[in-house]
Amino acid sequence: MELELLRERLHEYINVADEQHLTAIYVLVGGSAGSESGRKYDDATMKMIYERRENHRKGTSKSYTAEESIEMIRNHRK
């Protein structure tokens, strides 16, 4: 899609979108709903996230497929 047409369509949509959709769009493009500073996590949480990501990349942590995760959630609800 041509860039100008895409911008025009987004502007039109934003003008008529409800609050829920506007918030979703804002968060999607990098904003943070409900946070004035735009920051979502504190330093300790970010450190944990990066450590877990690194463990996943090294293969030293247990990972699950989407199907396995869904099955665990379903079994937990029973």
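Modeller: Quick bit of vocabulary first: a helix here is a DSSP run of H or I with at least four residues, and helices are numbered from the N terminus. Also keep in mind that this is a predicted model.

Biologist: Fine by me. How many helices does the protein chain have?

Modeller: Reading along the sequence, you get the pattern α-α-α-α. There are zero strands in the protein chain, and the helix count is four.

Biologist: And what share of the residues counts as buried?

Modeller: The cut-off for buried is under 20% relative accessible area. The accessible surface of the protein chain is about 7,400 Å², with 53% of that belonging to carbon and sulfur atoms. Out of 78 residues, the buried share is 4%.

Biologist: There's a nonpolar patch on the surface, with M1 and L22 among its residues. Which helix gives the largest share of it?

Modeller: The patch also takes in L3, L5, L6, L10, Y13, I14 and V16, and its accessible area together is about 830 Å². One of these residues, I14, lies in helix 1. Seven residues of the patch, the largest share, come from residues 3-16, that is, helix 1.

Biologist: Is I14 buried, exposed or partly exposed?

Modeller: Partly exposed is the class between 20% and 50% relative accessible area. I14 has 39% relative accessibility, so the label is partly exposed.

Biologist: On to charges. Which residue forms a salt bridge with R7?

Modeller: Side chains of opposite charge can pair when their charged atoms come close. The structure holds two salt bridges. R7 has 43% relative accessibility and therefore counts as partly exposed. Its partner lies three residues away in helix 1, about one helical turn, with the closest N and O atoms 3.4 Å apart, and that partner is E4.

Biologist: Where do K47 and E51 lie?

Modeller: Their side chains meet in a salt bridge, 3.9 Å from N to O. K47 is exposed, as its relative accessible area is 54%, whereas E51 is at 41% and counts as partly exposed. The two are four residues apart, about one turn, and lie in helix 3.

Biologist: How far apart are the end C-alpha atoms of helix 3?

Modeller: Helix 3 runs over residues 43-58, which makes 16 residues. The expected span is 1.5 Å times one less than the number of residues, so the helix should span 22 Å. The distance in the model agrees with that: 23 Å.

Biologist: What follows helix 3, with a positive phi?

Modeller: Look just past the end of helix 3, where phi turns up near 80°. The residue there is G59.

Biologist: S61 caught my eye too. Which backbone nitrogen lies 3.5 Å from a polar atom of the S61 side chain?

Modeller: S61 lies in the loop between helix 3 and helix 4, and is partly exposed because its relative accessible area is 30%. Leaving out residues up to four places away in sequence, S61 touches N55 and H56. The backbone nitrogen at 3.5 Å belongs to H56.

Methods:
Residues are numbered from 1 along each chain as its sequence is written. This is a predicted model: local features need pLDDT of at least 70, side-chain atom pairs count only at pLDDT 80 or more; totals for chains, interfaces and linings use all residues. Side-chain values use heavy atoms; hydrogens and water are left out. Buried means under 20% relative accessible area, exposed over 50%, partly exposed in between (1.4 Å probe, protein chains only). Accessible areas come from the Shrake-Rupley method with a 1.4 Å probe; for residues, only the protein chains shown count as cover. Patches are made of residues with over 30% relative accessible area and no salt bridge: like charges are joined within 9 Å, nonpolar side chains (Val, Leu, Ile, Met, Phe, Trp, Tyr) within 5 Å. A salt bridge is a side-chain nitrogen of Lys or Arg within 4 Å of a carboxyl oxygen of Asp or Glu. Contact means heavy atoms within 4.5 Å. A polar contact is a pair of N or O atoms within 3.5 Å; within protein, one must be able to donate a hydrogen and the other to accept it, and residues adjacent in sequence count only if both atoms are side-chain atoms.
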